[in-house]
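Here's a walk through one protein model, starting from a single side chain and working outwards. Keep the structure open while you read.

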Amino acid sequence: MAEAVERLQQRVEELERELAQERRRRALGGGDGGGGRARIEKMSPEVVDSNPYSRLMALKRMGILLLFDYDKVELANMNRLFFQPHQAGLSKVQAAEHTLRNINPDVLFEVHNYNITTVENFQHFMDRISNGGLEEGKSVDLVLSCVDNFEARMTINTACNELGQIWMESGVSENAVSGHIQLIIPGESACFACAPPLVVAANIDEKTLKREGVCAASLPTTMGVVAGILVQNVLKFLLNFGTVSFYLGYNAMQDFFPTMSMKPNPQCDDRNCRKQQEEYKKKVAALPRQEVVQEEEEIIHEDNEWGIELVSEVSEEELKNSSGLVPDLPEGITVAYTIPKKQEDSVPELTVEDSGESLEDLMAKMKNM
């Protein structure tokens, strides 16, 4: 009986994948994408009422969104996610697709309702990253991690390191008052295995973020802030504007946003991370070296039509005497000031010769005076 149920569940998953592929083919062929209006094939840069996205960007096609999750929608999710009560019981990827398709029918969706951490699903997950781009057979532009457990993060990290796929990781701490986003470029920046960001930012063990039978604290405001930062970073990365943060944290208690960049760990436990580091070093070594030309600083207004000159009232000798010795410091460090040399006293120092007389003899002489 259990085997029959398992086979049935596998068949349902296969049908869901086939349905997603069929929707994708029909959408690429000019269908309506499942929405209430015709799909926009080419975006116009003009700001017109008929173009709801012209204020954001001009693209030949909108993107493809691949969703992976195995959870089902629960009423407990209503306070922080965009699900609706009538979607309770649906898989999260199906519910997300329905909601997002109604918001924007110009985006293509491919949903996968399975656990990416299992051996049988991991290979398919990697295949869709490699071949699920806008053009079938090409890799996706970016992978976003919005998971709530350590195992899923490590699975995404393993896949992206093996494929050399750029991805962004995000998360909210178990106490719900801090979070982070992190851009991971395999070989160039630290991967998740090099230094888990919550350990760096808040000394929190990632493995404790989701435990069996334990519900972590949930603040929709914190999650909203972190989600907004993540999307902003994604737009800057994909559209090539502004500064893309490698790591940006958020501390809700102090409204503090720490930022940093972390280099990869040469002794990382992930062998593919170490392999990507070597590949990156070769790429950097192959780049043409740019010669640094020292430009002389231009002197402004050295001469003027009025013949005005700036003359120091301190002579070179006075300036030299007012400066002390400069200590031997490492390169790049200078002193703010030096201690002036002590001026030698022009009055000769008086000395008293030792007469050899005792204190009592000297006091007797003074009494007789």
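Gln 277 is buried in this predicted model, with a relative accessible area of 5%. Buried here means under 20% relative accessible area, exposed means over 50%, and partly exposed is in between, all with a 1.4 Å probe and protein chains only. Gln 277 sits in helix α7, residues 271-286. Helices (H or I, at least four residues) and strands (E, at least two) are DSSP runs, numbered from the N terminus.

Who does Gln 277 touch? Skipping residues up to four places away in sequence, the list is Gly 187, Pro 264, Asn 265, Pro 266 and Cys 268. A contact is heavy atoms within 4.5 Å. With Asn 265 there is also a polar link: the side chain of Gln 277 reaches the backbone oxygen of Asn 265 at 2.9 Å. A polar contact is a pair of N or O atoms within 3.5 Å; within protein, one must be able to donate a hydrogen and the other to accept it, and residues adjacent in sequence count only if both atoms are side-chain atoms.

A word on ground rules: residues are numbered from 1 along each chain as its sequence is written, and side-chain values use heavy atoms, with hydrogens and water left out. As this is a predicted model, local features need pLDDT of at least 70 and side-chain atom pairs count only at pLDDT 80 or more, while totals for chains, interfaces and linings use all residues.

Now for the rest of α7. The helix has 16 residues and reaches 23 Å from its first C-alpha to its last, close to the 22 Å expected at 1.5 Å a residue. The expected span is 1.5 Å times one less than the number of residues. Gln 277 shares its buried status with Asn 272, Cys 273 and Gln 276 of α7. These buried residues lie on the same side of α7 because they cover an arc of only 145° around the axis, taken from the directions from the helix axis to the C-beta atoms. An α-helix has 3.6 residues a turn, so residues three or four places apart point the same way.

The buried residues of α7 pack against α4. On the face turned away from them you'll find exposed residues, including Arg 271, Lys 275, Lys 281 and Lys 282. Asp 270 caps the N-terminal end of α7, with a side-chain oxygen 2.9 Å from the backbone nitrogen of Asn 272.

For another helix, look at α2, residues 92-103: its 12 residues should span 16 Å at 1.5 Å a residue, and its end C-alpha atoms are indeed 16 Å apart. Its buried residues include Lys 92, Glu 97 and Arg 101, along with Val 93 and Ala 95.

Next, the nonpolar cores. A nonpolar core is a set of buried Ala, Val, Leu, Ile, Met, Phe, Trp, Tyr and Cys residues joined through side-chain atoms within 4.5 Å. The largest one has 22 residues, and Phe 125, Val 143, Ile 156 and Trp 167 touch the most other members. Helices α3 (119-131) and α4 (150-163) each supply at least two residues of this core, and α3 gives the most, with 4 residues. A second, separate core of 11 residues includes Leu 142, Met 168, Ile 229 and Tyr 250.

Ile 156 is in contact with Ile 116, Phe 125, Val 143, Ser 145, Val 147 and Trp 167, leaving aside its neighbours within four places in sequence. Ser 145, in strand β3 (residues 143-145), is buried at 0% relative accessible area. With the same neighbours left aside, its contacts include Arg 153, Met 168 and Glu 169.

Two loop residues stand out for their backbone angles: each has a positive phi although it is not a glycine.

| Residue | Phi | Loop | Relative accessible area |
|---|---|---|---|
| Asn 240 | about 60° | between α6 (220-239) and β6 (247-251) | 70%, exposed |
| Asp 255 | about 50° | between β6 and β7 (259-260) | 57%, exposed |

Finally, the whole protein. There are 9 helices and 7 strands, and buried residues make up 30% of the 369 residues. Of the contacts with a separation of 6 or more, 55% come from residues 24 or more positions apart.
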